[in-house]
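Visitor: I would like a close look at a single part of this model, the place where the two chains touch. Please set that part in its surroundings as well.

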Amino acid sequence: MAKTLTICIMEPPYESANSTTSMRIIDAALRKGINVNVFAYEGAVSLTVKDQKPHPNPVHGTSVEEEKHPTTKELVAGLFELAKDKGVKLDWINCGLCVDERGAGNWIEGPRRGGPADFHKWVQESDAALVIPTK
Amino acid sequence: MKKILCVVETAYRGTQEEQDDAVLWFTHALKNGGGDVAILLRGNAVNYAVAAQDPAGLVIGKFSIEHPANPNKDLLKMKQAGIPVHVVREDTEERGISLNSLSKEFQLVSSRELPGLFAQYDQVWHW
């Protein structure tokens with residue numbers, strides 16, 4: 001039976017290495033055949049906002065195509081694709097109240113709405129839980 | 001025109017997602033707009049001065065980051081654009097970073113010299 005890892009992440013996109021690190025851990029777990037639950041809390045709910053757009057970089061002198069800026073919504077979408085390919089489950093809950101206060105409710109396909117009780121339930125059911133807060 | 005020294009201390013802050021360091025990018029944009037700006041690397045940001053750093057190859061899920069941030073190369077471009085780049089020597093040494101590993105284009109400064117460096121600028125922005 002596959003193991004399950006539950007992760008709570010708190011960091012908003014584009015602000016620190018925490019979100020990248022979180023996604024690398026999720027990526028590594030999925031590749032090992034481990035089911036992953038992600039509870040996106042506070043600023044992390046913005047990781048999956050659909051309205052994110054890549055941009056050109058006037059300082060680098062690169063166009064949108066050349067820059068190929070990695071939006072976090074694309075990174076998360078890629079994690080869902082990876083989970084599907086590996087035959088494991090990636091469940092992603094965005095904290096509903098955190099979403100509402102930010103007006104960040106337009107998401108890519110995959111995440112669902114929930115709350116701390118969902119995270120607590122996951123923790124009880126999982127083999128391991130990891131909290132990656134913002135500082 | 002006011003001379004501005006930008007002190008960069010927090011390193012690799014969101015750089016994989018941004019594909020650059022936001023403070024270096026901002027400083028370079030000010031220079032491109034005609035500003036008189038300079039950089040001082042201190043704390044963990046002294047690692048930006050290390051020449052041989054290779055962030056290539058990161059894949060998350062199905063997404064490959066093809067143009068990862070390389071703050072050292074960005075700083076070299078900034079230097080070429082006329083932005084002075086200073087590095088605090090003690091912060092480098094206490095991290096065990098060999099001074100020989102740093103790009104030669106950057107100016108090492110001792111912490112004792114910082115008051116004099118600050119005095120050369122009208123404003124010092126500690127990011």
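Guide: The contact takes 22 residues from chain A and 18 residues from chain B. This is a predicted model. On the side of chain A that touches chain B, the elements that give two or more residues are α1 (17–31) and α3 (72–86) of chain A. Helix α3(A) supplies the largest share of that side, seven residues. Sorted by character, the residues on this side of chain A are nine nonpolar, six polar and seven charged.

To place these two helices, consider chain A as a whole. Chain A has five helices and five strands. In sequence order they give the pattern β-α-β-α-α-β-α-β-α-β. The radius of gyration of chain A is 15 Å, close to the 14 Å that the globule rule gives for 135 residues, so chain A is as compact as a globular protein of that length. Along the principal axes, the C-alpha atoms of chain A fill a box of roughly 50 × 35 × 25 Å. Of the 135 residues in chain A, 38% count as buried. Take the contacts in chain A between residues at least 6 apart in sequence: 72% of them join residues at least 24 apart.

Now return to α1(A), one of the two helices named for the contact with chain B. Together with β1(A) and β2(A), helix α1(A) makes a right-handed β-α-β unit. The two strands of this unit deserve a description of their own.

Strand β1 of chain A covers residues 4–9, and five of its six residues are buried. β1(A) pairs with β2(A) in the parallel sense over six bridges. Within this pairing, A:Thr6 stands opposite A:Asn37, and A:Cys8 stands opposite A:Phe39. β1(A) also runs parallel to strand β5 (residues 128–132) of chain A, to which five bridges join it. There the bridge partner of A:Cys8 is A:Val131. A:Cys8 therefore has a partner in β2(A) and a partner in β5(A), which shows why a strand with two neighbours is described from both sides.Strand β2(A) is mostly covered, with six of its six residues buried. A:Asn35, A:Asn37 and A:Phe39 point one way from β2(A), while A:Val36, A:Val38 and A:Ala40 point the other way, and all are buried. Besides its pairing with β1(A), β2(A) runs parallel to strand β3 (residues 90–95) of chain A, and five bridges join the two. In that pairing A:Ala40 stands opposite A:Asn94.

After β2 (35–40) of chain A comes a loop that leads to α2 (64–67), and A:Glu42 lies in this loop. Phi of A:Glu42 is near 50°, a positive value in a residue other than glycine. Most residues other than glycine have a negative phi. A:Glu42 has 18 other C-beta atoms within 10 Å, so it is partly exposed.

The other partner in the contact is chain B. Five strands of chain B form an open sheet in the order β6-β5-β2-β1-β7, with parallel pairing. β6 (107–109) and β7 (123–126) of chain B stand at the edges with a single partner strand each, so one side of each is left without a neighbour in the sheet. Neighbouring strands of this sheet are turned against each other by 25° on average, direction ignored. One of the pairings joins strand β2 (residues 36–41) of chain B to strand β5 (residues 85–88) of chain B, in the parallel sense and over three bridges. In β5(B), B:His86 is the bridge partner of B:Leu40.

Chain B also has a residue to set beside A:Glu42. B:Gln19 is not a glycine, yet its phi is positive, at about 65°. B:Gln19 is placed in the loop between α1 (15–18) and α2 (22–32) of chain B. B:Gln19 counts as buried, because it has 24 C-beta neighbours inside 10 Å.

To return to the part you asked about: chain A brings 22 residues to the contact and chain B brings 18 residues, and on the side of chain A the largest share comes from α3(A).

Notes. Residues are numbered from 1 along each chain as its sequence is written. Chains are lettered from A and ligands numbered from 1 in the order in which they are written. This is a predicted model: local features need pLDDT of at least 70, side-chain atom pairs count only at pLDDT 80 or more; totals for chains, interfaces and linings use all residues. Helices (H or I, at least four residues) and strands (E, at least two) are DSSP runs, numbered from the N terminus. The radius of gyration is taken over C-alpha atoms; the globule rule is 2.2 Å times the number of residues to the power 0.38. A residue is buried if 20 or more other C-beta atoms lie within 10 Å of its own, exposed if 12 or fewer, and partly exposed in between; C-beta atoms are placed from the backbone. Two residues are in contact if their C-beta atoms, placed from the backbone, lie within 7 Å. Two strands pair if DSSP finds at least two bridges between them. Axes are lines fitted to C-alpha atoms, for helices over the stretch in contact, and angles run from 0 to 180 degrees between N-to-C directions. Ala, Val, Leu, Ile, Met, Phe, Trp, Tyr, Cys and Pro count as nonpolar, Asp, Glu, Lys and Arg as charged, and the others, Gly among them, as polar. A crossover is right-handed if, with the strands pointing away from the viewer, the path from the first strand over the helix to the second runs clockwise.
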